[in-house]
Amino acid sequence: MNSHTASNILFGQKAASSSDGPIISLTDVSVRYRVPQERIGTFKEYMIRWLQGQVKNREFWALNGISLEIQPGEIFGLIGQNGAGKSTLLKLISRVLRPTAGRLVVNGRVAPLLEVGAGFHAELTGRENIYLNGAMLGFSRQEMEAKFERIVEFSELGEFIDAPLRTYSSGMWARLGFAVATDSQPEILIVDEILSVGDEAFQRKCFDRIQSFEAQGATILMVSHSMSTIETMCQRAAWLDHGKVVALGPARSVVARYLGRVKDHEAERLAEESSQVNDQRWGDRRLEIKQVRVLNAEGKEQHIFHTGESIVLQIDYFAHEPVVSPIVGIAIHKQDGVHITGPNTGFAGLDLGRVEGPNSISYTIPAVPLLEGLFHFSVAVVDREDSTVYDYHDRLYPFRIDNRGYQIPELYGVMSMQGKWEVV
Amino acid sequence: MKVQNDPRWVYDSAQRGDIALEEIRELFNFRHLIWQLIRRDILTRYKRSFLGIAWTMLNPLGMMIVWTIAFSQIFKAAELPAYPAFTLNGLLAWSFFSQTTTASMVNLVWGGNLLNRIYMPRASFALAAMGTGLVNISLSLVPLLVIMLVSGLSLTWHVLFVPVPMLILMAFSLGVGLLMSTFAVYFPDVSEMYQIMLQAWMFLTPIMYPETVLPEQYRTVVTMLNPMYHMVKLFRIPLYYGRLPTAFELLTPLAIAIVVLTVGWIVFTRKSDEFSYRI
């Protein structure tokens, strides 16, 4: 709850200033797909089947009676399993698909952020491609001329701008595509799994651009399978399942409900298969991590901090059988995969002794030296030799460092060194 | 952020009129895209070739030379004055048709992955193919006029009429191009089949031979039922024949073009909503 309050304070101003009504509104929108029951690959085959009267189309409702309003300046998340209708909803909003029933109103220019370089032509120069890609986004030549210098500057291509794209490195190709796509200053930005592609530098650039869009009050619509991304970046979210909105509200509570459901399914599945491994959690669970909370100095749950603030990680675990001197460890990773640190009770010389039943331990960071970005805590409990994993929660607990509104004299990189400058 | 109250960007799915008409309005909004696509086609075609734009003119000339050598004896060249000019004239119309309809299909499939992400009027690709075709055929008129003069034909003021057959041919090609691209979205083998069909169709159209060589009993069938016969004929009238068309010669291809374009346009726009999950 607290993280939501925090984000409301951060974004509250913007939400209040733009009260012209929703920028996107869907009223009882449904989309029906008609697809052949069997894949018919060739026209010949189709004709044969058609003559035999065997062409059957299967209909299914990719979206079913969706009503939703998104306000200007909002960062809105869409979650749900594959096939739940998330991409269909994005396609509707970007006008690629039309609703079969219901009404959709979009009051602004929509730009997708991804598939960078799609629509480029290798034989054309960077300059020619800028105009071509701009036209695909709906801009005239004059409008693109006004943007041209800025795009060239952002893409750092210099004189290469007049060389054909086939001579570009993939990095240059990506930079140019990104520069064109994001220079358009759309009112609505569509971000589909942005953090799962590209190299680290590219992801960071995407992230920075998204933040600058956010600062300018653009509406951002985001699809991600990473719940922590949705939780930390979005104010509100909708959970889609089988084409319907299952939950709608503050991102944190929607994510919690979604994870709860996923966990229930997971528990059933685990019981059936008695397997104890999944992507982000493994271990034999003799000692089980029950709850991990990210707290501020006052002991309140919080997920957005600024550099220098103190963070307390509170870990509740349960020993199903007596264990002697287990080791509790944590790790911090940045979103792009950089491993920041990995302290544990073993290194710290803290012997937990014999544990049984419920126990709690906390790890306090007095003044977090990290600079802006999205980070995750991992928490693990292992045996004294560090050879058996009891329970490992890999990057399950997100927090964000956001220094807006604070005087932090450092901007670049991962951490603040607390260094001093002196003229000598 | 300044709110751009640009009506281009306000979209209301309930405000949608007829799909076929809507597409025309959207194409107007996206006219810059069509222009850029034409530019792209023309630039990329000539960029890496040594002779560049000259190929547009040399290509049909080469075909003409081959055909003249091969067929002028067979088709009793004596009966047909200036055979090279005759065949080149027909060939230009045919190339326009086969190239633009093929390009409509290829471009739409090429753009498929974009059409899934960004809104663009789907007919942009076919329309751009027509624009590229118009540029090419206009350039090819230069060698045709030269060949006509060399073959001893005289140029008359009727040449000024040539934009009319070109536009009618374009309307017909656009209709066929849209129909074929709709098929191509659903069946990947359509473009292969279409190439074979084009070959057969070309030989059934009096391009390299005058229709008079056809046996009497088949002539009416082959010529009257073949829309391309009327298109080619109309294109030859102001150039090779150096006169104005009769009402029948003008209205027949015009009517065919209007019907085919209307049908193609309606089929394409009706189906285009499905493209984004079919391509």
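A residue counts as exposed if 12 or fewer other C-beta atoms lie within 10 Å of its own, and as buried if there are 20 or more. In this predicted model, Glu159(A) has 8 C-beta neighbours inside 10 Å and therefore counts as exposed. By the criterion for burial, 36% of the 424 residues of chain A are buried. Chain A contains nine helices and 18 strands, and the points below treat selected elements by topic.

**Overall organisation of chain A**

- Contacts between residues at least 6 apart in sequence are made up, to 74%, of pairs at least 24 apart.

**Nonpolar cores**

- The largest nonpolar core comprises 136 residues.
- Met222(A), Ala237(A) and Leu169(B) are the residues with the most contacts inside this core.
- When neighbours within four places in sequence are set aside, Met222(A) contacts a run of residues formed by Ile75(A), Phe76(A), Gly77(A) and Leu78(A).
- Further contacts of Met222(A) are Val191(A), Ile230(A), Met233(A) and Cys234(A).
- A second core, separate from the largest one, has 24 residues, among them Phe305(A), Leu374(A), Val379(A) and Val381(A).

**The strands around β18(A)**

- Strand β18 of chain A spans residues 389–401 and is joined by two bridges to strand β10 (residues 281–282), with the two running antiparallel.
- Within that pairing, Trp282(A) has Tyr392(A) as its bridge partner.
- Strand β17 (residues 373–382) of chain A also pairs with β18(A) in the antiparallel sense, over nine bridges.
- Tyr392(A) in β18(A) serves as the bridge partner of Ala380(A), and Tyr392(A) is likewise the partner of Trp282(A).
- A hairpin is formed by β17(A) and β18(A), with six residues between the two strands.
- In the turn of this hairpin, Asp386(A) has a positive phi of about 60°.
- Strand β12 (residues 304–305) of chain A runs parallel to β18(A) and is joined to it by two bridges.
- Phe305(A) is bridged to Ile401(A) in β18(A), and Phe305(A) is also a member of the 24-residue core.

**The three-stranded open sheet**

- Three strands of chain A form an open sheet in the order β11-β13-β16, with antiparallel pairing.
- The edges of this sheet are β11 (287–295) and β16 (354–365) of chain A; each has a single partner strand, so one side of each is left without a neighbour in the sheet.
- From one strand to the next, the twist of the sheet averages 15°.
- Strand β13 (residues 311–324) of chain A runs antiparallel to β16(A), and 11 bridges join the two.
- One of the bridged pairs consists of Phe318(A) and its partner Pro358(A) in β16(A).

**Helices α4(A) and α5(A), and the loop that follows**

- Helix α4 (residues 126–136) and helix α5 (residues 141–155) of chain A have axes that come within 10 Å and cross at roughly 125°.
- At that angle, α4(A) is oblique to α5(A).
- The crossing of α4(A) and α5(A) is right-handed.
- On the α4(A) side, Ile130(A), Tyr131(A) and Gly134(A) take part in the contact between the helices.
- Their counterparts in α5(A) are Arg141(A), Met144(A), Phe148(A) and Ile151(A).
- Glu159(A), the exposed residue introduced above, lies in the loop between α5 and α6 (170–183) of chain A.
- A distance of 9.7 Å separates the C-alpha atoms of Glu159(A) and Gly126(A), which are 33 residues apart along the chain.

Notes:
Residues numbered from 1 in each chain as written. Chains lettered and ligands numbered in written order. Predicted model: local features only at pLDDT ≥ 70, side-chain atom pairs only at ≥ 80, totals over all residues. Pairing = 2+ DSSP bridges. Helix = DSSP H or I, 4+ residues; strand = E, 2+ residues; numbered from the N terminus. Axes fitted to C-alpha atoms, helices over the stretch in contact; angles between N-to-C directions. Core = buried A, V, L, I, M, F, W, Y, C linked by C-beta atoms within 7 Å. Contact = placed C-beta atoms within 7 Å. Parallel < 35°, antiparallel > 145°, perpendicular 65-115°, else oblique. Left-handed = near helix turned anticlockwise from the far one by under 90°.
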